[in-house]
Amino acid sequence: MSAPLSEAAPPAATAPARHGALVRRPGTAPRPRRSRPGPALAVIAGANATIHLDDPLVNAALPGIRAELHLTALSASWVVGAYLLAFGGLLLLGGRAGEVLGRRRVFVCGLAVFTVAGALRALAPTGELLIAARAAEGAGAALVAANGFVLMLDTFALGRARTNAIAVCTAAGAASTAGGLLLAGALTSVGSWRWVVLLNVPLGLALALLAPRVLAESVRIPGRFDAGGAVLSALGAASLVYGLSQAVVRPWTSLQVAGPLASGVALLAVFVGVQRHTAQPIVRLGLFRDRNRALAYASMLAVPGAVVGAYFFLSQFFQQDRGWSPLAAAFALLPVPLTTVALVGFAVREERALGAKRVMAIGAAALLLENLWLTRLGPEDPYATTVLPALVLLGAGLAFCAVPATVLATSGLKAEETGSTGSVLNACQVLGGSLCVALLVSASSGYGSLPEAMSAGFAAAAACGAAVLALALALRSRP
């Protein structure tokens, strides 16, 4: 396990005799210790929050984008899809680029691309240019997510310091979701969509300027980018994300869904085979030999299904069935991120006291119960006694699942496996989110009324919660 950069002896800028072994040249001065844990965590958590802020902003702005740029429903779907395709497809390559070129350098480059693309999308005169800017934004976000996570692992050693850092990043993401809901709701009600999508641009600019001052550069690992693996991973992940996005509006048996999904699975199967025989692979397959880590990755595929239903269905329910404004609907959903922020510290303490398995099982049970509760939601049910308790359970379940799963995914790593961890963890979240949205929409389609569709969707979300609970119970308990 890498020691914190603020504590480890600075490595020399020399070529390695073998992977992971550095040889200092005579007379080479040690690199200054530049990483400062507090400011470094602020930058990494801030970048995580900025990326999380993007989703509610774009979703809130989408109706205005469609109206002003005269987009069809298919074109509007690409405003979201282009970002996801680039983000999901480039995560693994982004992690490898950080190993070869330096993680801080790639992290800052990603922030710059994300920020410039965010500004361009606000100025886009046509739908085509907006979609292109969204794809560039997704590429920048992939570089940030893959390398920011590993910079956090390098800065904070395994144990209490790292667990606290994970909790801070989780809280920052939840807080940015809360802020995004409010800001998007307010500006959608009174302002242009162009002002809405500009909100995270100043944040990205500030972080890009601050990062080189507080983050130490990682040791570069000279080698090839594994072009074959990069192409296979990017095309495979992008094919899966595209197929799942099409499953939201088309039958699973249609060529537009089944074709990309089959292609994605085949490409990723070939990718795994190639990685087995590559000296410097994009993904270290040894990551999956640890049972608890593999189960933690699997949980990241299922947790979004237990969470996304509340945002997806309840936002429509509040505005369509109850006639609430976008701002009122945003306020109504705030208990989810606020509860997560409030309880993430408690989840850290319980993880130390009870162990990751028990805490994750408690969180999964809360997600399961919350979704079962909402299957009974009716048009006349009061918010305070029906919806609010479920949203509090959802926020608590998310805190109690996210912290132990991330701790398990980052524990017991070999030195050569650290670089792949952030990429794989983020890729699981992206694919899990796309998969779960497609499953929930499919489960809720074909019903005559929104309450009936919601009930079926929340039943599918409850099944995702049950899957997370089963994965939690399958974990090995560790002292």
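Me: How many Å should the 29 residues of helix α4 span?

Reply: Helices are DSSP runs of H or I with at least four residues, numbered from the N terminus. The expected span is 1.5 Å times one less than the number of residues. For α4 (residues 127-155) that gives 42 Å, and the end C-alpha atoms lie 41 Å apart, which agrees. This is a predicted model, where local features need pLDDT of at least 70, side-chain atom pairs need 80 or more, and totals for chains, interfaces and linings use all residues. Residues are numbered from 1 along each chain as its sequence is written, and side-chain values use heavy atoms, without hydrogens and water.

Me: Is α4 mostly covered or uncovered?

Reply: Buried means under 20% relative accessible area, exposed over 50%, partly exposed in between (1.4 Å probe, protein chains only). In α4, 22 of the 29 residues are buried, so the helix is mostly covered.

Me: How is a pair of aromatic rings described?

Reply: By the distance of the centres and the angle of the planes. Rings of Phe, Tyr and Trp (its six-membered ring) pair if their centres lie within 6.5 Å; planes under 30 degrees apart are stacked, over 60 edge-to-face, the rest tilted. The structure holds 10 aromatic pairs. F317 and F318 have ring centres 6.0 Å apart and planes at 55°, so they are tilted. Both F317 and F318 are buried.

Me: What kind of pair do F318 and Y383 form?

Reply: Edge-to-face, because their planes stand at 65°, with centres 6.1 Å apart. F318 lies in helix α10 (residues 291-321) and Y383 in helix α14 (residues 383-409), so the pair ties together parts 65 residues apart in sequence.

How values were computed:
Helix = DSSP H or I, 4+ residues; strand = E, 2+ residues; numbered from the N terminus.
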